[in-house]
Amino acid sequence: MNTDAREVSVLVVDDSPLMRSFIRRVLAMSGVPTREVFEAGDGQSALDVMGNSRIDLVLSDINMPRMTGSEMMQRMCDTPELRSIPVIVVSTDATQQRMDAMLRLGARGYIRKPFQPESLRSEIERVLGM
Amino acid sequence: MGSTIISGISDLCGRCVPEVLETMFFAMAIENEQAQTSDEAVSVRVLFRGAPSGEFGLRADPGLLATLGAAFLGKFDDEPLTPAEVSQTACELANMVCGSVLSEAESDCGFDLDEPQIDAHAFGDGPPDCEMRFELDTGGAMEIRFRFAEPAPASAS
């Protein structure tokens, strides 16, 4: 395991406040060094957070009101300051078609719900090169 | 195609429901045709578009949902979940079960889920194509059902 202890700021994007709380709790237990955890209930709110705060990693659902995860990622690709922020998709949709589509949009990782906390940690470490 | 999906859905539900409950809600579930929810049960409807499209329903008693929600949120103190949190638990549970099943049943073509809705009539619009009941180790019962937009083909004579 990489011994780099760099703390990361994480943005959790999901329209379910319960799921955001769950992921926040899993992050706290995971051992991934986090500086701060931000939350957003949809893609547009997430973009607003990214515009105002330093974000090192985005964990995002796909189906959300106002702006979906796909639309958010497209906007991130189109924005120079945001396109380098890694995104891990967290979704109940585990079809290959969806996974391929999100990877084409630039997602660096994909976690299917339901997931074990260890899976989230492993995927974060893989994406961030920890 | 319809009858294949129906039999496949039952098997998938039998696997996916326990997986979701164990992984995210830390509860064990076994299929039990006799399991019954009460009149106070919370019902959730999830519409989906795929091949085929349809709707998913989930029903569980508020007490069970409060227990599952507390486990999901890591709330081990005496503070009870709010009614809103109980409803959110039901919706999140329905979202995950429906998504898990469809991810395998409709893996070739993909699907889209609508936002889960608390709906007292989620179990009242005619016979489902698949209906299952589960008994949980935490106490209480959960019912799920799928109904597809395409009618099942008639049996071969």
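Contact here means heavy atoms within 4.5 Å. With that cut-off in hand, let's work through some exercises on this predicted model.

**Exercise 1. Place A:Arg83 in its chain and find which residues A:Arg83 is in contact with, leaving aside neighbours within four places in sequence.**

Solution.
- Start with the chain: A:Arg83 sits in the loop that runs between helix H3 (69-77) and strand S4 (87-91) of chain A.
- Next, apply the cut-off. Once the neighbours within four places in sequence are set aside, A:Met76, A:Cys77 and A:Asp78 are in contact with A:Arg83.
- Now look at one of these partners in detail. A polar atom of the A:Arg83 side chain lies 3.0 Å from the backbone oxygen of A:Cys77.
- Finally, take a longer step along the sequence: A:Gly106 is 23 residues away from A:Arg83, yet their C-alpha atoms are 8.5 Å apart in space.

**Exercise 2. Describe the interface of chain A and chain B, beginning with how many residues of each chain are in contact.**

Solution.
- Count the residues: 20 from chain A are in contact with 26 from chain B.
- Turn to area. The two chains bury about 1,900 Å² between them, and 56% of that is on carbon and sulfur atoms.
- Ask who contributes on the chain A side: A:Leu18, A:Thr92 and A:Pro114 lose the most area to chain B, together 31% of what that side buries.
- Look for charge pairs across the interface, where the rule finds 3 salt bridges. One of the pairs to inspect is B:Glu19 with A:Arg112, a salt bridge whose closest N and O atoms are 3.3 Å apart.
- Add the polar contacts: 9 residue pairs across the interface qualify, with both residues at pLDDT 80 or more.
- Assign the chain A side to elements. Helix H1 (17-30) and helix H4 (96-104) of chain A each supply at least two residues of the side that touches chain B, and H1(A) gives the most, with 6 residues.
- Close with composition: this side of chain A divides into 7 nonpolar, 7 polar and 6 charged residues.

**Exercise 3. Work out what lines the largest pocket and which residues lie nearest its centre.**

Solution.
- Begin with the volume of the largest pocket, about 390 Å³.
- Then list the lining: of its 23 residues, A:Asp15, A:Asn63, B:Asn95, B:Glu115 and B:Pro116 lie nearest the centre.
- Match the lining to elements. Those giving two or more residues are helix H3 (83-105) and strand S4 (112-113) of chain B. The largest share, 4 residues, comes from H3(B).
- Sort the lining by type, and you get 7 nonpolar, 6 polar and 10 charged residues.

**Exercise 4. Find where a cis peptide bond joins A:Lys113 to its partner, then where the bond from B:Ala51 is cis, and check the phi of A:Arg66.**

Solution.
- Set the background: most residues other than glycine have a negative phi, and most peptide bonds are trans.
- In chain A, the cis bond runs from A:Lys113 to A:Pro114, with omega about 5°. A:Pro114 belongs to the loop between strand S5 (109-112) and helix H5 (117-128) of chain A. You have met this proline already, as one of the residues that lose the most area to chain B.
- In chain B, B:Ala51 is joined to B:Pro52 by a cis bond with omega near 5°. The loop between strand S2 (42-49) and strand S3 (54-60) of chain B holds B:Pro52.
- Last, read the backbone of A:Arg66: phi is near 65°, a positive value in a residue other than glycine. A:Arg66 is found in the loop between strand S3 (57-60) and H3 of chain A.

Definitions and conventions:
Residues numbered from 1 in each chain as written. Chains lettered and ligands numbered in written order. Predicted model: local features only at pLDDT ≥ 70, side-chain atom pairs only at ≥ 80, totals over all residues. Heavy atoms only, no water. 1 Å grid on protein atoms, 1.4 Å probe; cavity = no way out; pocket = protein on both sides within 12 Å on 5 of 7 lines; lining within 4 Å. Points joined across faces, edges and corners; volume = space filled by probe spheres on them. Nonpolar A, V, L, I, M, F, W, Y, C, P; charged D, E, K, R; others polar. Buried area = accessible area lost by both parts, 1.4 Å probe. Salt bridge = Lys/Arg side-chain N within 4 Å of Asp/Glu carboxyl O. Polar contact = N/O pair within 3.5 Å; in protein donor to acceptor, adjacent residues only side chain to side chain.
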